[in-house]
Amino acid sequence: MSTTEKQSDEPSGRSPHEGLREERKPDYAQYLVVAVLAIVGGFLVYSALTLSEGFAKVDPVGPKFFPMVLGVAALLLAVILAIAIPRGSKGEADAGEDIDPEAPGDWRTVGLLVALFVAMILLVNPLGWVIMSTLFFGGAATILGSKHYVRNFLIGLILALASFYAFYSGLGIPLPAGILDGIL
Amino acid sequence: MENFDWLLQGFAQAATPMNLLYAVIGVLLGTAVGVLPGIGPAMTVALLLPITYNVSPSAAFIMFAGIFYGGMYGGSTTSILLNTPGESSSVITAIEGNKMAKAGRAAQALATAAIGSFVAGTIGTILLAAFAPAISRFAVTLGAPSYLAIMLFALVAVTAVLGSSKLRGAISLVLGLAIGIVGIDFLTGQPRATFGIPQLADGIDIVVIAVAIFALGEALWVAAHLRRKPADVIPVGRPWMGRDDWRRSWKPWLRGTAFGFPFGALPAGGAELPTFLSYITEKKLSKHPEEFGKGAIEGVAGPEAANNASAAGTLVPMLSLGLPTNATAAVMLTAFVSYGIQPGPTLFAKEPLLIWTLIASLFIGNFLLLVLNLPLAPLWAKLLRTPRPYLYAGILFFATLGAFAVNVQPLDLALLLIFGLLGLMMRRFGLPVLPLIIGVILGPRIERQLRQSLQLGGGDWSSLFTEPVAIVTYVCMVILLIIPLVLRLFHRDEETLLVVEDDRDQREKAQA
Amino acid sequence: MIVIGYTADQFGKAALDAGIAEARLRDTDLLVINSTVGDSYVDAAFAQPAQVRDVSARLSTCGVPFELSQPVGVYAADALLEAMERPEAELLVIGLKHRNPVGKLLLGSVSQQVLLECPKPVLAVKPEE
């Protein structure tokens with residue numbers, strides 16, 4: 001997946017409205033949004049239909065109204081967007097303050113981070129906060145490009161321990177100790 | 001005056017050592033994140049939301065307010081020294097500020113930005129203290145139909161006016177409202193969209209959503225586009241200004257404030273527009289127009305004052321009506337909701353001490369910012385040496401920590417990831433983030449108001465249009481929706497109007 | 001060809017001076033490398049346009065052919081070692097910074113890595129006190 005191409009006919013000075021002057025090449029990746037909208041809309045409509053009626057006297061609109069309206073709206077928007085995409089409609093990708101808009105999206109990095117996250121979700125209870133968040137920070141820093149591996153994980157360990165004890169003694173929240181239970 | 005009494009009480013509360021500490025932390029943190037491009041006050045407040053579970057409301061809000069104002073200060077430092085705006089509202093400051101810095105006048109640029117921000121912030125907060133309670137008192141007299149109309153207006157304004165694509169604003173809004181539906185229906189007790197998961201019965205924790213969309217989504221997006229080339233930074237000593245600089249700055253400060261405050265208070269006004277207007281005004285009124293583009297101090301003084309005043313202005317609808325007009329205000333409202341405090345016109349009546357403490361701490365925070373930032377400016381510049389992998393790994397870490405600490409269950413982390421990916425998708429496809437979060441916050445309230453209004457009106461839909469305020473608001477809403485269509489008939493978009501002006505200015509500058 | 005590892009500070013200047021002197025002595029050309037990882041917003045060692053102009057001006061008056069390269073997104077040690085792999089590269093000149101033992105452990109050292117790994121001669125100079 002690559003981001004849309006930007007052709008700047010000005011040698012310098014990036015105006016935030018450059019998107020208006022882009023070539024009108026359709027951004028088909030936006031069909032992902034259409035899909036999401038369709039799923040959300042469909043789900044809302046289905047969920048609205050399975051709800052039982054409210055008490056009509058007190059609540060003329062009932063619990064079904066809102067989800068139904070929203071579901072229909074979502075489906076409608078999905079259709080509108082689906083039609084608009086081939087006509088060249090494209091969203092201005094968030095410019096942000098630190099983005100280098102000329103670089104194509106580095107989705108491999110994102111994918112790795114997501115995988116790391118999933119590992120975190122699955123393993124945080126069994127292995128405990130300290131181990132997992134150390135791996136998380138160190139892993140994230142490495143994935144994002146810092147090659148000082150030892151330093152990455154060292155900082156992660158410090159943050160993990162600090163947060164563990166701070167939350168426990170300061171805020172009274174015990175984070176899971178996992179397999180280190182008893183040692184910490 | 002009763003309000004003045006409250007304000008004094010607020011000062012007494014805000015000046016306690018503990019709260020002062022929170023103010024200092026907030027201010028320092030806010031400046032730091034304002035300085036760093038890519039991280040902003042909205043994200044920071046979102047990351048800190050989990051502390052609301054354990055810290056008193058006044059302490060938390062004092063800190064958040066400090067972060068909010070601090071972000072404005074920090075952004076100007078980076079704009080001036082680096083020609084990269086630290087915050088999107090500091091874009092204009094970068095134009096003249098960086099030129100001044102390159103000409104060796106960085107100290108003056110920083111000084112005028114800091115003092116102007118202080119002046120604007122103080123005046124803005126005074127106006128806030130004057131207007132917000134009055135608006136709130138008026139709003140309380142409104143019935144449910146009018147209040148419903150105002151909320152719908154805010155939704156429409158944020159969705160349709162902000163951003164270049166109404167379609168995408170609408171998509172964001174619908175997604176936000178859909179998220180708000182998850183949970184148990186308040187009137188009939190039936191679970192809606194909970195997927196059979198009992199933990200979702202209370203709805204998706206808004207803190208998780210805020211952290212996911214603002215922090216995780218942003219971090220993942222930046223991770224996909226990490227900029228590689230370091231920028232040029234200009235070393236600077238302590239900021240200060242000469243007499244001539246003072247003379248040239250004070251009027252732009254006041255004019256900037258006048259621009260910034262109203263725009264901040266209007267839904268979808270934002271901070272970018274008033275800074276831009278301030279810039280062109282200063283340019284037209286300046287006695288030294290040839291300096292613009294090469295480092296005119298008015299071009300820094302005015303816009304900086306404007307963006308700080310607009311920050312204060314944003315708080316007016318937030319505190320008096322419970323309507324957020326920008327991302328940071330939306331996240332702060334999330335904090336209110338998280339504390340179980342109902343935002344809205346009743347806020348002043350129900351929690352006067354909290355609100356006035358907050359307002360008092362804004363004054364204190366403003367003062368602290370001036371005192372702390374003038375001498376610390378070179379230090380902030382050093383902050384820019386932090387390698388980005390650590391910065392963003394840190395954001396991911398704190399996001400995870402925060403979301404996990406809410407309930408200490410992996411489900412929240414899974415939700416965080418899902419909504420983080422949603423946030424990423426939105427940034428990739430240009431779906432504005434603000435309508436979504438406003439939809440999540442306002443959606444349930446709107447539904448409640450609607451059903452209660454109809455209930456009171458005996459099921460009659462026309463009862464929604466009985467109050468005059470409601471009718472006026474609906475009319476305004478319709479006008480707002482129609483204006484762009486009308487403009488398009490004349491082959492002009494509101495935005496291209498500004499772009500054309502901006503372009504002409506840039507070309508003039510290039511030729512000069 | 002002599003490779004100079006340049007940084008925008010007094011260590012780089014020392015390396016530049018020494019490198020130019022060596023190049024004149026051996027009558028060979030120069031490759032000046034000023035790299036950055038591109039990790040942070042600000043990298044004080046990376047030469048900015050004004051400094052690049054100064055260095056280029058200096059190099060053009062030194063009497064030997066030169067090339068100034070500013071790779072972005074690579075580690076300094078890797079960039080220098082890669083340049084030294086070229087057959088015509090005969091000597092590497094770097095500026096040496098004094099680091100205490102703890103600093104070296106935690107922060108790593110470009111100089112140390114280069115000194116240990118470069119198969120060809122390395123000239124490490126210190127700026128004049």
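Modeller: One term before we start on this predicted model: angles between axes run from 0 to 180 degrees, taken between N-to-C directions.

Colleague: Fine, let me use that straight away. At about what angle does helix H2 of chain C run to E3(C)?

Modeller: About 165 degrees. H2 covers residues 49–60 of chain C and lies across strand E2 (30–33) as well as E3. Then look at helix H3 of chain C, residues 76–84, which runs at about 175 degrees to E1(C). H3 lies across E1, E2 and E4 of chain C.

Colleague: And the sheet under those helices: in what order do its strands come?

Modeller: Read across chain C as E3-E2-E1-E4-E5, five strands in an open sheet with parallel pairing. Strand E3 (66–69) and strand E5 (122–125) of chain C are at the edges, with a single partner strand each, so one side of each has no neighbour in the sheet. From one strand to the next, the twist averages 20 degrees.

Colleague: Let me zoom in on E1(C). Which way do the residues of E1(C) point, and are they buried or exposed?

Modeller: Ile2(C) and Ile4(C) go one way from E1(C), Val3(C) and Gly5(C) go the other way, and all are buried. On one flank, E1(C) pairs with E2(C) in the parallel sense over 4 bridges, and Ile2(C) stands opposite Leu30(C) there. To get from E1(C) to E2(C), the chain passes through helix H1 (residues 10–26) of chain C in a right-handed β-α-β crossover.

Colleague: What are the partners of E1(C) residues in E4(C)?

Modeller: Ile2(C) has Leu91(C) as its bridge partner in E4(C), and Ile4(C) has Val93(C). The pairing between E1 (residues 2–5) and E4 (residues 91–95) of chain C is parallel too, over 4 bridges.

Colleague: Now the cores. Where should I look, and why do they form?

Modeller: The general idea: in soluble globular proteins, nonpolar side chains tend to be buried together. Here the largest nonpolar core has 210 residues, and those with the most contacts inside it are Ala46(B), Val208(B), Ala210(B), Val211(B) and Leu416(B). Helix H5 (residues 91–141) of chain B gives it the most, 18 residues. Chain A joins in as well: domain 1 (1–96) and domain 2 (107–180) each supply at least three residues.

Colleague: Which residues is Ala210(B) in contact with, leaving aside its neighbours within four places in sequence?

Modeller: Ala46(B), Leu49(B), Val331(B), Thr334(B) and Ile437(B). There is also a second, separate core of 30 residues, which includes Leu16(C), Phe66(C), Met84(C) and Leu92(C).

Colleague: What is chain B built from, in helices and strands?

Modeller: Chain B has 19 helices and 2 strands. Of its 512 residues, 61% are buried. Among contacts between residues at least 6 apart in sequence, 80% join residues at least 24 apart.

Colleague: Now a glycine. Why does Gly443(B) count as buried?

Modeller: The cut-off is 20 or more other C-beta atoms within 10 Å. Gly443(B) has 22 C-beta neighbours inside that distance, so it counts as buried. Gly443(B) sits in helix H17 (residues 433–456) of chain B. Setting aside neighbours within four places in sequence, its contacts are Gly176(B), Leu177(B) and Gly180(B). Gly443(B) and Gly176(B) are 267 residues apart in sequence, yet 7.7 Å apart in space, C-alpha to C-alpha.

How values were computed. Residues numbered from 1 in each chain as written. Chains lettered and ligands numbered in written order. Predicted model: local features only at pLDDT ≥ 70, side-chain atom pairs only at ≥ 80, totals over all residues. Pairing = 2+ DSSP bridges. Contact = placed C-beta atoms within 7 Å. Buried ≥ 20, exposed ≤ 12 C-beta atoms within 10 Å, placed from the backbone. Right-handed = clockwise from strand over helix to strand, strands pointing away. Core = buried A, V, L, I, M, F, W, Y, C linked by C-beta atoms within 7 Å. Domains from an automatic or database assignment.
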